[in-house]
Amino acid sequence: MLIDRYDVIVVGGGHAGCEAAAAAGKLGSRVLLITMNISALAKMSCNPAMGGVAKGQIIREIDALGGLSGIVTDHTMIQFRMLNRSKGPAMWSPRAQSDRNRFSIKWQELLTEIPNVHLWQDSVDGLLYERNQVIGVHGRLAGKIYSDSVIITSGTFLNGKIHIGKSNFSGGRLGEEGASGLTADLRSRGIESLRLKTGTPVRVDKRSVDFSSMIPQDGDIPPGRFSFTETPAVKDQMKCYLCYTNETVHSILKEGFEDSPLFEGRIQGTGPRYCPSIEDKLERFSERDRHQLFVEPDGRESPELYINGFSSSLPIEVQYRALKAIPGFEKSRILQPGYAIEYDYFPPQQLNFSLESKIIDNLYFAGQVNGTTGYEEAAAQGLIAGINAHRKMNQQSPIVLKRSEAYIGVLIDDLVTKGTQEPYRMFTSRAEFRILLRQDNADQRLTPIGYDIGLADESRYKRLNEKLGLIREVLKYLNVTSVAPDKINAFLEASNTSPIERKTKYANLVLRPQVSLNNLIEYDEELRSDISKLTADLSLLNESVESAEIQMKYSGYLEKEREVAEKINRLENIVIPKRTNYMNFSAMSMEARDKLSKIKPDNIGQASRISGITPADISVLLVHLGR
């Protein structure tokens, strides 16, 4: 049974809700996670994969802080790939195919291992208030449930409407009911809501597909992992496949345009710019005669294939006929049609950096309700909301990550400062300091923070210190140890770089762009022997060698980026009083005064990033603050 009162109630059991509940619970709060379907915790509503460009960095950051998404991914992955290896290390992005069903089951297992996290299957149709603060929720089954804080993580379920051709009906996911009542309740309290749209493609029975006409995509050998803890490496990796649409496919799809809810105006919400439906692609990129599709297995025991890139809300018969015109799918059977879903979200400029509402005290929002798209972005927000809800109840200051500290900091700053009018997706290009915010050093950046607040445990912190020590040892060895020409020139010539004429420090060789430290270690038996003596932990050694090489090769760039970050961070330290009346600043444009009044930036740095705020406006603020 439910208890009389909780410290934190989390509304919604998606990726944001699970991370929020786990974080608050592990920190010591009594948590109630309310979800409409306990068996669908952290369900992968779209593709069965975690990570990817910039998103992989976010999962590493969640893990470094003490969150669980990376651990769940490692335990349930069926393939691992490090994307963008041909580019610089700032672009390297881990990505894993996951077993959809096992992913959800593993999340349920880990949540139930946290003693003070309780699960309750219900729908929340309103909140309980006392003046301008939330004091609980109203569940359709349970009635009033009291708490010190509430975190809304409802995903696409709030007034969700599913569209397939001319048909539309209520739902949060296909086969699952939407949630009503909560949006109206929040609007009655002065919180603004708008509509967004996203979509998903057909699911296909893999037994009916001919893979011989597709391009196989294998996982990395050896496979990597997401967590900085000692999680198991994936075995027997499954293949993904590439294939392409063609002009016949496009012609069939266009036949359904007159019944498209997207083109006929039945969908009012804005869709994702960077993950458009296949019909949207045909409109926007009409000059292309084919589009790439990525065929992803759903799991080891599942018959489902996810056709990434074929998202559609066209009539079912049109989707099916078009699919069968793709080589390899001629005899395919579909298990579920593609569809679009429209849902409510709350523009995130209404939030503080802690993700607490500016309008209602002790109320937090995380995930797609803030206008984001993607499991990773949602999980990151859930983690921060869970941490900060706990900390506020214990009279502690909120955890706010800077843009120079984490992609999570970039994500939340973008949302709170700039807002979004379309589903927000993280990219490496959004981060000014992406050379600093690499996937390999997320633990070095964030585990000390996670440890200080009590979320990252002692063993994780000890492992980080061992890694830092190993990095120093590797760098020291490379900088003091020399190699003779006769031992290394054959390797250098094979690497397409000039041979040496005299003994040379290993560090000087590693600085050459053609030379990989791992390849050098593999070739040079003496070097390999000496490096391997540093630790018996092979996984930790590999991480340390990778980080050491990056630090050596990119030291100049890293130092320049740190200098720029420090200059910008000084602006973050110039606090703007909350009661500042921007309407009194006649030297500013009315647009600037309106935006500053609405967003109420915490500091000069945030004010400078608001769209439409000019350097002249910042000068006015600095004069006002006596700076």
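This passage walks through the cavities, a pocket, one helix contact and some backbone details of a predicted model.

Start with the enclosed spaces. The structure holds 2 cavities of 30 Å³ or more. The largest cavity takes in about 60 Å³ of space. Around that space sit Phe228, Asp443, Thr447, Arg460, Arg463, Leu464, Lys467, Leu540 and Glu543. Three elements give two or more residues each to this lining, namely helix 11 (442-453), helix 12 (458-480) and helix 17 (538-553). Helix 12 has the largest share, with 4 residues. Sorted by class, the lining of the largest cavity comes out as 5 charged, 3 nonpolar and 1 polar.

The second largest cavity has a volume of about 40 Å³. Its lining is made up of Ile191, Phe346, Pro347, Gln350, Leu351, Ser357, Phe365 and Asn370. Here the split is 5 nonpolar and 3 polar, with no charged residues in the lining. The charged side of the ledger is thus where the two cavities part ways, with 5 charged residues around the largest cavity and no charged residues around the second largest.

Next come the open spaces. The second largest pocket contains about 1100 Å³ of space. A total of 37 residues line this pocket, and Met82, Arg85, Asn518, Asn542 and Glu546 are the ones nearest its centre. Strand 4 (77-83), helix 15 (517-523) and helix 17 are elements that each supply at least two lining residues. Helix 17 chips in the most, with 7 residues. Helix 17 also turned up above, among the elements giving two or more residues to the lining of the largest cavity. As for chemistry, the pocket lining is a mix of 15 nonpolar, 13 charged and 9 polar residues.

On to how two of the helices meet. Helix 2 (residues 55-65) and helix 3 (residues 69-76) have axes that come within 7 Å and cross at roughly 115°. Angles of 65 to 115 degrees count as roughly perpendicular, so helix 2 and helix 3 are roughly perpendicular to each other. On the helix 2 side, the contact is made by Ile59, Ile62 and Asp63, and on the helix 3 side by Ser69, Gly70 and Ile71. In terms of class, that gives 3 nonpolar, 2 polar and 1 charged residues in the contact.

A few spots in the backbone also deserve a look. The peptide bond running from isoleucine 221 to proline 222 is cis, and its omega is near -5°. Proline 222 belongs to the loop that links strand 13 (215-217) with strand 14 (240-244).

Positive phi values show up at arginine 131 and asparagine 496. Arginine 131 is not a glycine, yet its phi is about 55°. This arginine is found in the loop between strand 7 (124-130) and strand 8 (133-139). With a relative accessible area of 68%, arginine 131 is exposed. Asparagine 496 is likewise a residue other than glycine, with phi near 65°. The loop that holds asparagine 496 runs between helix 13 (485-494) and strand 21 (504-505). Asparagine 496 is exposed too, at a relative accessible area of 67%.

Definitions and conventions:
Residues numbered from 1 in each chain as written. Predicted model: local features only at pLDDT ≥ 70, side-chain atom pairs only at ≥ 80, totals over all residues. Heavy atoms only, no water. 1 Å grid on protein atoms, 1.4 Å probe; cavity = no way out; pocket = protein on both sides within 12 Å on 5 of 7 lines; lining within 4 Å. Points joined across faces, edges and corners; volume = space filled by probe spheres on them. Nonpolar A, V, L, I, M, F, W, Y, C, P; charged D, E, K, R; others polar. Axes fitted to C-alpha atoms, helices over the stretch in contact; angles between N-to-C directions. Parallel < 35°, antiparallel > 145°, perpendicular 65-115°, else oblique. Contact = heavy atoms within 4.5 Å. Buried < 20%, exposed > 50% of the residue type's maximum accessible area, 1.4 Å probe, protein only.
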